[in-house]
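Work through these exercises with the model open beside you. Try each task before you read its solution.

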Amino acid sequence: MDVRAQLSMVLHLDKCIGCHTCSVTCKNLWTNRKGTEYMWWNNVETRPGTGYPKNWEDQGKFRGGWEIKNGSLSLKSGSKWGILSRIFHNPDQPVMKDYYEPFTYDYANLTDAPESANQPIARAKSRITGESMNIEAGPNWDDDLGGSREYAAKDPNLTEEDRVLFGEFEKIFMMYLPRLCNHCLNPACAAACPSGSIYKRGEDGIVLNDQEKCRAWRYCVSACPYKKIYYNWDRGKSEKCIFCYPKSENGEPSACAHSCVGRIRYTGVLLYDYDRLIQVLEAPEETLVEALKSCILDPSDPEVKRHAKKAGIEPDWIQAAENSPVYAFVKEFGLALPLHPEFRTFPMVFYVPSLSPVLRKAETDMTMENFRIPVKYLASVFTAGNEAAVEDTLKKLLGIRSYMRGKELADKELMEKGISLSGWNGRELEKAYRLTSLTNFTGRFVIPKTRRENGSSYEMQGAEGFLDHGKNKR
Ligand code: SF4
Ligand code: SF4
């Protein structure tokens with residue numbers, strides 16, 4: 001057993017109100033500079049939708065992430081020799097129109113325009129060329145299903161049957177999906193980088209790009225299946241979410257999590273077994289979610305603790321792992337799922353899938369068929385199509401809701417329904433309720449301070465700068 005520690009996040013989607021505060025806070029803090037105008041390290045998408053950049057989930061187009069080829073894990077963007085042979089030409093790159101042309105408004109004209117018969121206006125100006133422009137896209141262009149027949153209907157996770165719903169608005173469903181870099185356990189961005197500039201920190205698993213070493217080949221941009229690494233056209237370097245490490249090293253949550261209005265975000269430590277990583281990443285799609293979860297270790301197991309100590313993990317990190325809200329969500333209660341596990345990067349940001357709006361009928365029948373958001377859709381987003389895994393999670397969420405409602409109304413039958421739906425006893429249900437609904441700041445963020453002087457970086461790259469599983473110890 002080779003125990004590693006990872007800072008990770010859970011987002012409880014039922015609580016997201018789509019306010020974009022997280023995105024704006026992140027933008028003000030990290031991407032308010034020249035060359036970063038179009039970058040949103042954190043963005044919030046309305047689902048169904050094509051997201052930002054448009055159609056990022058389409059790996060047929062971008063060839064991001066990993067696949068099983070000849071029985072083993074391979075980068076979709078190609079072998080190291082393949083990448084080197086076309087290093088000056090990467091047709092899988094997203095281009096400006098996949099994001100949007102960043103713009104501002106000519107505010108000065110409102111005060112400086114010469115006297116005229118007409119009211120002065122602030123026209124949109126491109127932040128690239130400075131010229132007047134017509135806005136045709138933005139980072140949240142399909143917000144709240146705006147233009148849904150044009151945009152949302154193209155969501156690749158929709159079945160043909162569900163796509164028809166865009167003509168019947170009273171039946172339509174939507175949810176918000178906030179996204180950031182997943183600080184993956186098997187980051188495709190790092191593996192594809194010909195310069196070896198992307199690395200995963202040993203002490204907390206945060207994935208960073210060494211700005212000195214980056215040579216702007218941009219293979220990281222196409223290889224990241226989540227499109228969460230961006231090219232700064234002014235500096236000629238790739239940039240990405242840094243999990244606000246200057247804050248996390250000090251025991252504080254990232255800006256997006258700290259500012260989250262819906263209090264949907266939780267941050268904590270996970271311990272995982274590096275020795276089993278490749279094996280679980282090669283699991284068949286039907287069992288992928290369970291396989292990935294099996295790699296996450298129980299931090300209160302004495303054997304795990306012994307191995308963690310042996311691996312040099314600090315005692316306060318082991319203790320934080322025991323109190324981790326992320327562990328509680330992902331493993332203890334099994335309420336949080338990874339985003340597109342089939343990309344096989346093993347993302348370390350997890351989501352509690354949306355249950356609401358629960359239709360009256362679903363509440364009475366407690367059956368999945370009456371849920372407004374189709375299980376098939378959620379399975380396509382969170383479990384590589386495994387509907388049973390989504391149903392299991394939704395049943396638990398519905399169980400918590402039913403039990404607590406029954407308790408409030410002194411309705412024993414409803415409480416029993418909650419117990420049978422979730423498979424938990426009353427004490428467990430109340431604990432899960434407190435975790436999902438009542439947790440305060442110190443419960444949501446259990447982040448130990450980092451002793452950087454004791455830290456190390458995983459040796460993510462082989463001699464040529466490529467991830468080489470099995471040969472290189474991280
Ligand atoms: S989500 Fe982040 S760590 Fe994972 S591949 Fe993309 S940029 Fe790399
Ligand atoms: S700040 Fe929180 S509630 Fe608001 S959009 Fe972001 S994740 Fe959702």
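**Exercise 1. Where in the chain is the place of P53?**

Solution. Keep in mind that this is a predicted model. P53 has its place in the loop between β2 and α2. Next, look at the peptide bond before it. Y52 and P53 are joined by a cis bond, with omega about -10 degrees. Then step back to P48, which lies in the loop between β2 and α2. R47 and P48 are also joined by a cis peptide bond, and here omega is about 0 degrees.

**Exercise 2. Classify the ring pair of Y52 and Y99, then place it in the chain.**

Solution. Start with the two quantities that matter. An aromatic ring pair is described by the distance of the centres and the angle of the planes. By the rule used here, with ring centres within 6.5 Å, the count is 18 aromatic pairs. For Y52 and Y99, the centres are 5.7 Å apart and the planes stand at 65 degrees, so the pair is edge-to-face. The deciding cut-off is over 60 degrees.

Now locate the partners. Y52 is in the loop between β2 (43-47) and α2 (59-62). Y99 is in the loop between α3 (80-85) and β5 (103-105). The two are 47 residues apart, and the pair links distant parts of the chain. Both Y52 and Y99 are buried.

Finally, widen the view. Ring pairs connect Y52 and Y99 into a cluster that also holds Y38, Y100, F103, Y105, Y107 and Y230.

**Exercise 3. Repeat the analysis for F333 and W424.**

Solution. The distance is 5.1 Å centre to centre, with 70 degrees between the planes, and the pair is edge-to-face. F333 sits in the loop between α14 (325-332) and β13 (337-338), and W424 in the loop between α18 (412-422) and α19 (426-438); the pair therefore ties together parts 91 residues apart in sequence. Both F333 and W424 are buried.

**Exercise 4. Is M96 buried, exposed or partly exposed?**

Solution. Take the relative accessible area of M96, which is 32%. That value lies between the cut-offs of 20% and 50%, so M96 is partly exposed. Its place is in the loop between α3 and β5. M96 touches E101, P102 and I128, leaving out residues up to four places away in sequence. The C-alpha atoms of M96 and P53 are separated by 9.0 Å, and the two residues are 43 apart along the chain.

**Exercise 5. Which residues have a charged end over a tryptophan ring? Find K27 and R179.**

Solution. The charged end of K27 sits over the ring of W40, 5.0 Å from its centre. For R179, the ring is that of W56, and the distance to its centre is 3.7 Å.

**Exercise 6. Describe the shells around the two ligands.**

Solution. Begin with ligand 1. Its surroundings include C181, H183, C184, C189 and C224. By class, this shell has 8 nonpolar, 2 polar and 2 charged residues. Move on to ligand 2, which 14 residues surround. The closest are C16, C19, H20, C22 and C260. Here the division is 9 nonpolar, 4 polar and 1 charged.

**Exercise 7. Which residues touch the most other members of the largest nonpolar core?**

Solution. This core has 133 residues, and V10, L271, F346, F350 and F382 touch the most other members. Helix α17 (residues 387-408) gives the most to the core, with 7 residues. Now follow F350. Among the residues it touches are M9, V10, L270, I296 and V330.

Note on methods: Residues are numbered from 1 along each chain as its sequence is written. Chains are lettered from A and ligands numbered from 1 in the order in which they are written. This is a predicted model: local features need pLDDT of at least 70, side-chain atom pairs count only at pLDDT 80 or more; totals for chains, interfaces and linings use all residues. Side-chain values use heavy atoms; hydrogens and water are left out. Rings of Phe, Tyr and Trp (its six-membered ring) pair if their centres lie within 6.5 Å; planes under 30 degrees apart count as stacked, over 60 as edge-to-face and the rest as tilted. Helices (H or I, at least four residues) and strands (E, at least two) are DSSP runs, numbered from the N terminus. Buried means under 20% relative accessible area, exposed over 50%, partly exposed in between (1.4 Å probe, protein chains only). A charge sits over a ring if NZ of Lys or CZ of Arg is within 6 Å of the ring centre and within 35 degrees of the ring normal. A residue is near a molecule or strand if one of its heavy atoms lies within 4 Å of it. Ala, Val, Leu, Ile, Met, Phe, Trp, Tyr, Cys and Pro count as nonpolar, Asp, Glu, Lys and Arg as charged, and the others, Gly among them, as polar. A nonpolar core is a set of buried Ala, Val, Leu, Ile, Met, Phe, Trp, Tyr and Cys residues joined through side-chain atoms within 4.5 Å. Contact means heavy atoms within 4.5 Å.
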